[in-house]
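Colleague: I am new to this structure, and I would like to understand the reasons behind the labels that are put on it. Could we go through them one at a time?

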Amino acid sequence: MYKCVEQVLVNKMSGSTVVEDPGIPLVDRRNGKYNKYVQDDSQNGSHADLSALGPPGKFDNISYRLSRRKLLIKRRRICVNVECTLALIGLIIMLVENELIFAHKITKSDAVSIFLKSGISVSTLLLLMAVIGYHVIGIQLHMTDNSLEDWRLAVNFPATFLKILMELMICAIHPIPGNITTHVTDPKSEGHDVSIDAILSILMLMRFYLVGKFLVVHSRLLTNTATQSLGALNKVKINTVFIFKALMVTMPGTILIFIMLGILLSSSWAMRTCEIYYHPDPEHSTFFNCMWMIAITFLTVGYGDIYPNSYCGRFVAVSTGLMGVGTTALLVAVLAQKLEQSRAEKYVHNFVYRAQLDKERKHAASDVIKYVIQLWRMKKHSEVSDRKRIRLHGKLLQAISNMREAKNEKSSIGESAIGVIEISKSVNDVYDIVEKMEDTNKELKDQVNNMESKLSDMSTKMDALYTAMMRK
């Protein structure tokens, strides 16, 4: 509130008119710049001198903050686009280089391989610069939103720098030009020298996390200032997790299909790369066999006809199984939500089922009456057929049981149809009835008071009339 008052005073002194945008985030954490002015105003109770405010800062201008925030959001979106493009270029070059080696077209020492790896290194260097630029823009945006003059106030030193360092390490992983080998041992205790490009190429697939960042910066939930304001007021962060939850609510089937396809393709290629580098085998060298092995591992079936022969392949299989368990849980939750009946569908189903149970109960009641009459007639005519009497008696007991079951089932349907919405509606109805009764009681009380006042006036007039008659 004091910020708004100061802004209006400064604008009046400068003779400028600033139109505030209602879409600006409503939460403004100031750094205590005018605390002294606020204390003097509250203690003295008089208008403070405008000269004590000092020169206004650049963040005191709301229009400047809005324009700068819009510009920074646009720059951050461009920076993320550059990151995704460079990461995609690096991944494509890496895939081309590995596939040429798998097909025995080139070797690690050929000039083509060195040239392709050099291209990966150049794209990685540019990607690291784009990542640093993204975080710099994020700090500037935080300074603009919170009116901070110093960037050190907008940085949480342990957490922010660790986050930046981790992202730089993930993006820096790539196959290095040349042929660097290491001695490894497979599960059969057979040792041989292999290139480390397999591990670096597989770890390079972690760059797919940039897809989540791309979805966040291009989502309307992030660019809409009203959503930012509501999130700030309710202490909700509009980040990747929030965007993922929103997408799972709006389009769960599409998101799950993309996740499963991405896991299937990336894990199949990683498994094939591990097996070709660390344990060459014609059975595991084909992409379709690797897809079959990853599919049965993802679905936690595991037939055992094909299994990984290297520690790298086993690690990929374990990771795929864990991701399959998580994705299956998401799929079950989505299916359960989609198959659940809506309120209208529940009402229609319960109404039809209740009518069917009423019909069954009536039929059972009529059967009870019919069998009782038949047994009474047999007793009246002194029929001694024990077989027929036992059969009728059994049918009578079955009809009574059917009638009771229909009654109990109908009562259970009524209990299950009552939910939180029905209870709240009943509470509101009761509250309205009680409020109407209170209003009626108040009106009756006013009428009784009016009647008492009128009776008092009539009594006073009667006393005055009696006094006048007695005087005569």
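Modeller: Let us start with the hairpin of strand 1 and strand 2, which has five residues between the strands and in which S189 takes a positive phi near 65°. Before going on, please note that this is a predicted model, in which local features need pLDDT of at least 70 and side-chain atom pairs count only at pLDDT 80 or more, while totals for chains, interfaces and linings use all residues. Residues are numbered from 1 along each chain as its sequence is written, and side-chain values use heavy atoms, with hydrogens and water left out.

Colleague: What makes strand 1 and strand 2 a pair?

Modeller: Strands (E, at least two residues) and helices (H or I, at least four) are DSSP runs, numbered from the N terminus, and two strands pair if DSSP finds at least two bridges between them. Strand 1 (residues 181-185) and strand 2 (residues 191-195) are joined in the antiparallel sense over five bridges, so the requirement of at least two is met. Among the partners, V184 stands opposite H192 in strand 2, and T185 has G191 of strand 2 as its bridge partner.

Colleague: Why is S147 called buried, and why is H104 called exposed?

Modeller: Buried means under 20% relative accessible area, exposed means over 50%, and partly exposed lies in between (1.4 Å probe, protein chains only). S147 has a relative accessible area of 2% and is therefore buried, whereas H104, with 71%, is exposed. As for their places, S147 is found in the loop between helix 4 and helix 5 (157-172), and H104 is in the loop between helix 3 and helix 4. Each has a positive phi in a residue other than glycine, near 55° for S147 and near 60° for H104.

Colleague: How do you know that R272 and E99 form a salt bridge?

Modeller: The term requires a side-chain nitrogen of Lys or Arg within 4 Å of a carboxyl oxygen of Asp or Glu. The side chains of R272 and E99 meet at 2.9 Å, N to O, so the pair falls within that limit. This pair links distant parts of the chain, with R272 in helix 11 (residues 252-278) and E99 in helix 3 (residues 62-102), 173 residues apart. R272 counts as buried because its relative accessibility is 11%, while E99, at 31%, counts as partly exposed.

Colleague: What makes D358 and K410 a link between separate parts of the chain?

Modeller: Their side chains meet in a salt bridge of 2.7 Å, N to O. D358 lies in helix 14 (residues 343-380) and K410 in helix 15 (residues 386-416), so the pair ties together parts that are 52 residues apart in sequence. D358 counts as partly exposed at 24% relative accessibility, and K410 counts as partly exposed at 27%. Elsewhere, salt bridges that share partners join E97, K108, K117 and D197 into one network, and a search of the whole structure finds nine salt bridges.

Colleague: Why is the group that includes D432 called a negative surface patch?

Modeller: Patches are made of residues with over 30% relative accessible area and no salt bridge, where like charges are joined within 9 Å and nonpolar side chains (Val, Leu, Ile, Met, Phe, Trp, Tyr) within 5 Å. Asp and Glu count as negative and Lys and Arg as positive, while His and the chain ends are not counted. The patch is formed by D429, D432, E435, E438, D439, E443 and D446. D432, in helix 16 (residues 420-471), has 36% relative accessibility and so counts as partly exposed.

Colleague: Which residues form the nonpolar patch on the surface?

Modeller: The nonpolar patch is formed by V122, L125, L126 and M129, with about 390 Å² of accessible area together; V122 is found in helix 4 (residues 111-146). Such areas come from the Shrake-Rupley method with a 1.4 Å probe, and for residues only the protein chains shown count as cover.

Terms used. The place of a charge is taken as NZ of Lys, CZ of Arg, CG of Asp or CD of Glu.
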